[in-house]
Amino acid sequence: MNILERIRGGGDRAAATERPPPQPEFWVEISESVSRLCSFDAVGSGGGRISVKVIQDSRPIHDKVVDSFLNKFFPSGYPYSVNEGYLTYTKFRALQHFSSAMLHVLSTQSLLFAAGLRPTPAQATAASWILKDGMQHAGKLICSSMGARMDSEPKSWRILADVLYDFGTALEFVSPLCPQLFLEVAGLGNFAKGMAVVAARATRLPIYSSFAKEGNLSDLFAKGEAISTLFNVMGIGAGIGLASTVCSTTQGKLIVGPLLSAVHIYGVVQEMRATPVNTLNPQRTAMIVADFVKSGKVSSPAELRYREDLLFPNRLIEEAGSVKIGQPLRRVLSPWLVEQLRATFPNEKFLLNQKSNKTYMVLEQSASGEDAFRGWLVAAFASEMERSGMGSRDAVLNVAYEKMERVFPTFVSEVRSRGWYTDQFLDGNGSRIAFAKFQ
């Protein structure tokens, strides 16, 4: 039926008589590992109905149980919807929460002993909601001012959070030994736990973000919290069992407590080592530059994660120019040197100066991750030329800058393709500068 016949009339009626009877349409919907056969049957012109039939699932019971567990505690589409290392992270997260919950029950019972009570394990669990307040709020307020540092080093701060938590727990364990100092010991313990709570919560989002692959951050967060809740409940149950038996005395807690604390810290360290954070901070930037200078290759977040120093993240890397960043300008540069360096690096958002085997870099307020990379490459190339005998680092600075300009387009393209986020540079509370412009 062409358009001319439709204009002449009767086209619609003819089409209605020629149109074949509607056929049912079938499709398969897959949701949470369940496949459903759906069909839409048109019934006249008034619409139709949808019929849904669950397709026979012939998988073994074991596979059904595993899939059901994955659907409840892992993001949809796992393992393809997350970045590498998520399973390792989750396993050690479960271990961390299990041991932490056990420690919490035992420490609460110790506090009540110190207060002159003899509670049952169930009473110790219930009373924890009251005893966690007080000095804990002061710890939260103090730690909340360190948010920028947590953005820069979320993994190190997450480990520190658990160390603080275990320190507070240890003080609660020993409180029965000095009941006359109950308020001071319990208050200091809750103060440390307050700082731990803020640090743990503040670092949760950047850690989850490092695993998000398909815009599924909310799903990752929800499933991660489900895992935490499950193993917290299991840990509370195990803690009640211990509090009723081997840990019913202070001596028993002093034996079991350090063992649980060691398991707890080990779990969080392995958990953080498995996390492939893709934001740029001083340590990761230096490691990327050092790998590039040595081998010409750019490492991905997954390749760097196990090499990060989580205890001393501010260590200097010689192959990357031994760059130290974030120092106030007045401490590392004299006024006349500032003008000289601004002339050496026109249109750049960094300044470099060498002092006693270190290269100090100061960034402008608006500097991004790419600007930090440019400064780091200049420092690394200058250091490499100095070690090869081409002259002092100050003398080869211009040559190093020219070399950086040649390789930077290829370098930064490779950095982005490897999954690094270059729009920001997270240097914590490091000092930056903003030059005033006079008319």
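**Exercise 1. Getting your bearings**

How many helices and how many strands are there in the protein?

*Solution.* Keep in mind as you work that this is a predicted model. Step one is to count the elements: the protein has 18 helices and 8 strands. Step two is to look at burial: 44% of the 439 residues count as buried. Step three concerns contacts. Among those with a separation of 6 or more, 70% join residues 24 or more positions apart.

**Exercise 2. Two helices side by side**

Find helix H8 (residues 154-174) and helix H12 (residues 250-273), and work out how their directions relate.

*Solution.* Start with the geometry: the two axes come within 10 Å and cross at roughly 175°. An angle over 145 degrees counts as roughly antiparallel, so H8 is roughly antiparallel to H12. Next, look at who meets whom. The H8 side includes Ile 159, Val 163 and Phe 173, while the H12 side includes Leu 254, Ile 265 and Met 272. Finally, sort the contact residues by class: 10 are nonpolar, 4 polar and 5 charged.

**Exercise 3. A second helix pair**

Are H17 and H18 parallel, antiparallel, perpendicular or oblique to each other?

*Solution.* First locate them: H17 covers residues 369-387 and H18 covers residues 397-417. Their axes come within 8 Å and cross at roughly 130°. That angle lies between the ranges for perpendicular, which ends at 115, and antiparallel, which starts over 145, so H17 and H18 are oblique. The crossing is right-handed. Their contact has 16 nonpolar and 6 charged residues, with no polar ones.

**Exercise 4. Reading a sheet**

Trace the open sheet that contains E5, E6 and E7, and find its edges.

*Solution.* Begin with the order, which is E5-E7-E6, with mixed pairing. E5 (323-325) and E6 are the edge strands; each has a single partner strand, so one side of each has no neighbour in the sheet. From one strand to the next, the twist averages 30°. One helix packs on this sheet: H17 touches E5, E6 and E7, and its direction makes about 30° with that of E6.

Now zoom in on one pairing. E6 (residues 350-355) and E7 (residues 358-363) run antiparallel and are joined by 6 bridges. Two partnerships to look for are Leu 351 with Val 362 and Asn 353 with Tyr 360. The hairpin has 2 residues between the strands, and Ser 356 there takes a positive phi near 45°.

**Exercise 5. Positive phi in two loops**

Compare Ser 322 and Asn 347: where does each lie, and is each buried or exposed?

*Solution.* A reminder helps here: most residues other than glycine have a negative phi. Ser 322 has a positive phi near 50°, and for Asn 347 the positive value is about 65°. Ser 322 sits in the loop between helix H14 (301-304) and E5, whereas Asn 347 is in the loop between helix H16 (335-344) and E6. Last comes accessibility. Ser 322 counts as buried because its relative accessibility is 11%, and Asn 347 counts as exposed because its value is 81%.

**Exercise 6. A distant partner in sequence**

Place Ala 243 in the structure and see how far its C-alpha atom is from that of Ser 110.

*Solution.* Ala 243 belongs to helix H11 (residues 217-244). With a relative accessibility of 3%, Ala 243 counts as buried. Along the chain, Ala 243 and Ser 110 are 133 residues apart, and their C-alpha atoms are separated by 9.7 Å.

Methods. Residues numbered from 1 in each chain as written. Predicted model: local features only at pLDDT ≥ 70, side-chain atom pairs only at ≥ 80, totals over all residues. Heavy atoms only, no water. Axes fitted to C-alpha atoms, helices over the stretch in contact; angles between N-to-C directions. Helix = DSSP H or I, 4+ residues; strand = E, 2+ residues; numbered from the N terminus. Parallel < 35°, antiparallel > 145°, perpendicular 65-115°, else oblique. Left-handed = near helix turned anticlockwise from the far one by under 90°. Nonpolar A, V, L, I, M, F, W, Y, C, P; charged D, E, K, R; others polar. Buried < 20%, exposed > 50% of the residue type's maximum accessible area, 1.4 Å probe, protein only. Pairing = 2+ DSSP bridges. Contact = heavy atoms within 4.5 Å.
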